[in-house]
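Please examine the sequence and the three-dimensional structure shown below. The report that accompanies them is intended for a reader new to this structure.

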Amino acid sequence: MRGKFITLEGIDGAGKSTHHAWLIDFLKRKGIDVVPTREPGGTPLGEKLRALVLSEPMHLETEALLMFAARKEHLDKLILPALASGKWVVSDRFTDASYAYQGGGRGLAEEKLRALEDWAQAGFRPDLTLVFDLPTEIALQRLAETGHRPDRFEQESQAFFERVRQTYLFRAHAEPGRIKILDSTESLHNIQKKLEGIILAYLF
Ligand code: TYD
């Protein structure tokens with residue numbers, strides 16, 4: 001049986017990485033063979049492209065094309081083979097991030113993103129997408145508290161993150177069957193309980 005594909009999304013600082021680790025552990029405890037991965041990245045070539053897009057200044061369309069180039073490689077080498085062999089794949093970000101960051105954040109036309117999505121994915125979509133939502137001022141404060149050097153995206157303005165956030169929320173409302181919103185201002189314990197409920201209800 002084909003495995004399930006789950007993606008995690010949200011603005012930087014929304015706690016996605018913590019929930020990614022918890023979700024992998026939860027699924028393993030349920031006896032599922034699960035592959036953790038991330039975007040941009042997930043393959044040796046994808047990780048090289050990640051290093052470039054997170055550090056080098058570039059044209060917006062170059063940025064979008066590199067995101068999808070990394071994604072094509074990720075699908076071909078890791079995601080699709082794993083799902084075909086019955087494994088579940090849980091990715092820290094996927095295509096909704098391109099709509100949110102390159103589209104909402106930077107203003108790339110949605111139809112260009114849709115054309116790239118159709119080309120690279122041929123109709124393939126996640127089974128479930130979890131959007132961790134948080135007011136941008138709290139997210140930026142949390143990012144600042146981590147003390148690590150901000151990458152190209154993390155250096156963006158609050159207005160940029162507000163557009164990214166609104167794009168995620170808009171997409172979630174347009175596709176309520178696939179995309180679930182989780183309130184990241186709640187305690188970790190409450191969020192984990194909700195995640196557990198969503199996974200059990202939608203995927204088993
Ligand atoms: P992120 O998950 O925030 O990595 P980390 O937690 O290690 O900082 O992802 C890196 C950045 O890549 C993030 O700021 C959003 C950006 N991104 C896009 O702009 N478009 C995309 O399609 C993807 C997958 C990520």
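The following report describes the surroundings of the ligand, then some features of the backbone, and finally several pairs of positions along the chain.

**The ligand and its surroundings**

The model discussed here is predicted. Its ligand sits in the largest pocket. There are 18 residues around the ligand, and those that come nearest are D12, K16, R93, S98 and Q102. Which classes of residue make up this shell? The shell around the ligand has nine charged residues, six nonpolar residues and three polar residues.

Several helices take part in the shell. At least two residues each are supplied by α1 (residues 16-29), α2 (44-55), α3 (60-84) and α4 (95-105). Which helix gives the most to the shell around the ligand? The answer is α4, with four residues.

Three side chains place a polar atom at a short listed distance from the ligand, as set out in the table.| Side chain | Ligand atom | Distance |
|---|---|---|
| K16, polar atom | oxygen | 2.9 Å |
| R71, N or O atom | oxygen | 3.0 Å |
| Q102, N or O atom | nitrogen | 2.8 Å |

On its own, the ligand has 550 Å² of accessible area, of which the protein covers 88%. K16 and Q102 also belong to the residues that come nearest to the ligand.

**Features of the backbone**

The next points concern the loops. The peptide bond that leads from E39 to P40 is cis, and its omega is near -10°. P40 is found in the loop that runs between strand β2 (residues 34-38) and helix α2.

R93, one of the residues that come nearest to the ligand, has a phi near 80°, which is a positive value in a residue other than glycine. This residue lies in the loop between β3 (88-92) and α4. Is R93 buried or exposed? R93 has a relative accessible area of 10%, and therefore counts as buried, the limit being under 20%.

A122 likewise has a positive phi, of about 45°, although it is not a glycine. Its place is the loop between α5 (110-121) and β4 (128-133). A122 is exposed because its relative accessible area of 68% is over 50%.

**Positions compared in sequence and in space**

The remaining part takes up pairs of residues and gives their separation along the chain and in space. L188 is found in helix α8, which comprises residues 188-203. The relative accessible area of L188 is 46%, so this residue is partly exposed. How far apart are L188 and G15 in sequence and in space? They are 173 residues apart in sequence, while their C-alpha atoms are 9.3 Å apart.

Helix α8 also contains K194. K194 counts as partly exposed, because its relative accessibility is 42%. Between K194 and G103 there is a separation of 91 residues in sequence and of 29 Å in space, taken from C-alpha to C-alpha.

K30 lies in the loop between α1 and β2. With a relative accessibility of 43%, K30 counts as partly exposed. K30 and T136 are 106 residues apart in sequence, and the distance from C-alpha to C-alpha is 34 Å.

A109 is found in the loop between α4 and α5. This residue is partly exposed, its relative accessible area being 31%. Along the chain, A109 and L83 are 26 residues apart, and their C-alpha atoms are separated by 31 Å.

**Summary**

In this predicted model, the ligand sits in the largest pocket, and the protein covers 88% of the accessible area that the ligand has on its own. Helix α4 gives the most to the surrounding shell. Among the loop residues described, R93 is buried, whereas A122 is exposed.

Key. Residues numbered from 1 in each chain as written. Predicted model: local features only at pLDDT ≥ 70, side-chain atom pairs only at ≥ 80, totals over all residues. Heavy atoms only, no water. Near = heavy atom within 4 Å. Polar contact = N/O pair within 3.5 Å; in protein donor to acceptor, adjacent residues only side chain to side chain. Areas by Shrake-Rupley, 256 points an atom, 1.4 Å probe, with all protein chains shown as cover. 1 Å grid on protein atoms, 1.4 Å probe; cavity = no way out; pocket = protein on both sides within 12 Å on 5 of 7 lines; lining within 4 Å. Sits in = over half its atoms within 2 Å of the grid points. Nonpolar A, V, L, I, M, F, W, Y, C, P; charged D, E, K, R; others polar. Buried < 20%, exposed > 50% of the residue type's maximum accessible area, 1.4 Å probe, protein only.
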